[in-house]
Amino acid sequence: MIQQFGSSGNGLLPEAVPWDLCIVGAGAAGLALAGQFLNTAWRVVVLESGMREPDAVGDDLNSLTSVGLRHDGWREGRVRSFGGTTRAWGGQLVPMRASELVARSWVPNSGWPLGLDELQPYYRRVEQLLHTQGPPYDENAWARLGMKSPGFDTEEFCVRFSQWAALGRRNFALLWRRNLEESRNVTVLLDATVVAVNCGQSGARCEALEVRSRHGFHAGFRARFVVIACGGIETARLLLASPSAKGAGVANQSGLVGRFFQDHISYRAGEIEPASRRAVQNLFDPRYVGGTMFSVKLEPSEDSMRRHRWLNAMGHIAFQIPDALGWMELKRIMRSLQAGRLALPSLDEGIAMARGSVELTRLMLARALAKRRRSPDSGAILLLIDTEQAPNADSRVLLDSSTDALGMPRARLDWRVTELEYRTLTEFASRIASEFARMGLGTVRLAGQPDFERRDSLGAARDIFHHMGTTRMSLTSQSGVTRPDLRCHDVDNLFIAGSSVFPSGGIANPTFTVLALTLRLADYLKQQRPM
């Protein structure tokens, strides 16, 4: 069932139930985990701070103080409501590759405590859940798309394809809502903000969760197992704000909760002056197989990364859409459908779509007949470079002196980047520009040094809403917060699901790996018998 915390519902007093599993957060990880326990003997409760739809109260609870590098994702990339950020998720799936998981001598604090082989079977299950095509994601996908490999220099580059889930599979609030509403063993409580994880004097076991609502309700919830799944910022904030004997928060004997905050960086590296616009379009326009969209990315080879001492990075092409074509208006309508509500176009938007009707018709025909998402025949063509960050303990989430409406300390975000990120962005952009010239694709007018204060011009660099690293996985309790099975080192029955457990970000979009780790956690928990 889905109900509001504190409502009469069916007479159930959720705080009085001895739950088998309590999940904090109803976003991608939280709902995917809850979904694995539907129709089982497990008694599961999901505590979601937000309501069915995003609102101003939830936005205010997300508010924090940013004291480091400009970071927009703390505001624009977090959604406090049922479904979480999947309401706005683009649906991009990119699996990790080995170079993203191994320790690298030139990248301090890199390396995961598990291998790619442990993730692969769960990637396949996520693909089944989201109805995407699955492997290959590498250069072998050219043949699957009916295309010839363009001949990039394989000593310097490797090709990787993203796959994109169909619009109807992206918003987990819609994907899971009916099953959860009808469930007899899984309960979702809205307006149920966990403000403290209470672990008693020993700190070794979660004894209760302190929950408050915006309407003044207050209760303690107890469960055999607790999984925190509320994002890279909020998870660290909750652990740090929770009471402990030493005053450092819960699961924080290492002192690393909140540290190693990472995001992916996107850099407008240059503008392409194509030798043939059609050739660039034919190469980089996304293609479809069934309902799955494929888009191509260019990454440094493992040998190239080692030789240049770069981070994992990714180059891709963005075709700017002229304002007059009406594409942005159409995109807004499609986004509203993903959110579960149709936003009809305004008069001005309708006029814009009418003006761009020829282009929009061509777009739809290309999708239906050529299995291709056609790019516009006018507008700038940009080279974008994304990079992971070198894990940096000084980049962190802390507690602020101010409190929110529920009395919980707000977060303070100190986001930092190192020279390695700057060097990877600029040097890899230059290498791609040289490769485009060698292949006769065109000339790339490169931007200058990445500028984190700019947004919509060449040289602009920014975060892209992937909050990682603040409860990092490790083999030892001195070097991290969570074990490879996602259990906290310090608290026996407390687990964390989400990208906060990533020791390093890699360059792959994190949601695919988050979901794979979450399904792996579900399998582990199911080996324990419910009460």
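Which backbone oxygen does the side chain of His 264 reach at 2.6 Å?

## His 264 and its surroundings

It's the backbone oxygen of Gly 506 that the His 264 side chain reaches, at 2.6 Å. Keep in mind as you look around that this is a predicted model. To find His 264, go to the loop between helix 8 and strand 12. With a relative accessible area of 2%, His 264 falls under the 20% cut-off, so the residue counts as buried.

The side chain of His 264 also makes a polar contact of 2.8 Å with the side chain of His 466. Leaving out residues up to four places away in sequence, His 264 touches a whole list of others, including Thr 387, Glu 388, Arg 462, Asp 463, Met 468 and Pro 510.

## Ser 242, in that loop too

Ser 242 also sits in the loop between helix 8 and strand 12. Is Ser 242 buried or exposed? Ser 242 is buried, and its relative accessible area is 3%. If you skip its neighbours within four places in sequence, Ser 242 is in contact with Ala 196, Val 197, Gly 249 and Val 250.

## Stepping back: the whole chain

Now zoom out. The chain has 531 residues, and 58% of them count as buried. Its secondary structure adds up to 15 helices and 21 strands. About 20800 Å² of the chain is exposed, with carbon and sulfur atoms supplying 51% of that.

Take the contacts in the chain with a separation of 6 or more: 75% of them come from residues 24 or more positions apart.

## A parallel sheet of six strands

One open sheet has 6 strands in the order 1-7-3-2-11-21, and the pairing is parallel. Strand 1 (2-4) and strand 21 (494-496) are at the edges; each has a single partner strand, so one side of each has no neighbour in the sheet. From one strand to the next, the twist averages 20°.

Have a look at strand 2 (residues 19-24) and strand 11 (residues 223-228), which run parallel and are joined by 5 bridges. Here Val 24 stands opposite Ile 228 in strand 11. Helix 1 (residues 28-35) lies across strand 2, strand 3, strand 7 and strand 11, and runs at about 155° to strand 2.

## A mixed sheet of three strands

Another open sheet has 3 strands in the order 4-18-17, this time with mixed pairing. Its edges are strand 4 (65-66) and strand 17 (396-403), and because each has a single partner strand, one side of each is left without a neighbour in the sheet.

Strand 4 pairs with strand 18 (residues 409-414) in the parallel sense, over 2 bridges. Thr 65 stands opposite Arg 412 in strand 18. Helix 8 (residues 234-241) lies across strand 17 and strand 18, at about 60° to strand 17.

## Strand 6, buried on both faces

How many of the 8 residues of strand 6 are buried? The count is 8 of the 8 in strand 6 (residues 157-164), so the strand is largely enclosed by the rest of the structure. Phe 157, Val 159, Phe 161 and Gln 163 point one way, while Cys 158, Arg 160, Ser 162 and Trp 164 point the other, and all are buried.

Strand 6 has antiparallel pairing with strand 5 over 2 bridges, where Leu 93 stands opposite Gln 163. Strand 6 also pairs with strand 14 (residues 292-300), again antiparallel, over 8 bridges. In that pair, Cys 158 stands opposite Glu 299.

## Two helices to compare with the ruler

Helix 5 (residues 116-130) has 15 residues, so at 1.5 Å a residue it should span 21 Å, and its end C-alpha atoms are indeed 21 Å apart. Among its buried residues are Leu 119, Tyr 122, Tyr 123 and Val 126. Why might buried positions come at such spacings? An α-helix has 3.6 residues a turn, so residues three or four places apart point the same way. The buried residues of helix 5 pack against strand 5, helix 4, helix 7 and helix 15. Just after helix 5, His 131 takes a positive phi of about 60°.

Helix 15 (residues 510-526) reaches 24 Å from its first C-alpha to its last, close to the 24 Å expected for its 17 residues. Of these, 14 are buried, so helix 15 is largely enclosed by the rest of the structure. Asn 509 caps its N-terminal end, with a side-chain oxygen 3.1 Å from the backbone nitrogen of Thr 511.

Notes. Residues numbered from 1 in each chain as written. Predicted model: local features only at pLDDT ≥ 70, side-chain atom pairs only at ≥ 80, totals over all residues. Heavy atoms only, no water. Pairing = 2+ DSSP bridges. Helix = DSSP H or I, 4+ residues; strand = E, 2+ residues; numbered from the N terminus. Contact = heavy atoms within 4.5 Å. Axes fitted to C-alpha atoms, helices over the stretch in contact; angles between N-to-C directions. Buried < 20%, exposed > 50% of the residue type's maximum accessible area, 1.4 Å probe, protein only. Areas by Shrake-Rupley, 256 points an atom, 1.4 Å probe, with all protein chains shown as cover. Expected span 1.5 Å × (residues − 1). Polar contact = N/O pair within 3.5 Å; in protein donor to acceptor, adjacent residues only side chain to side chain.
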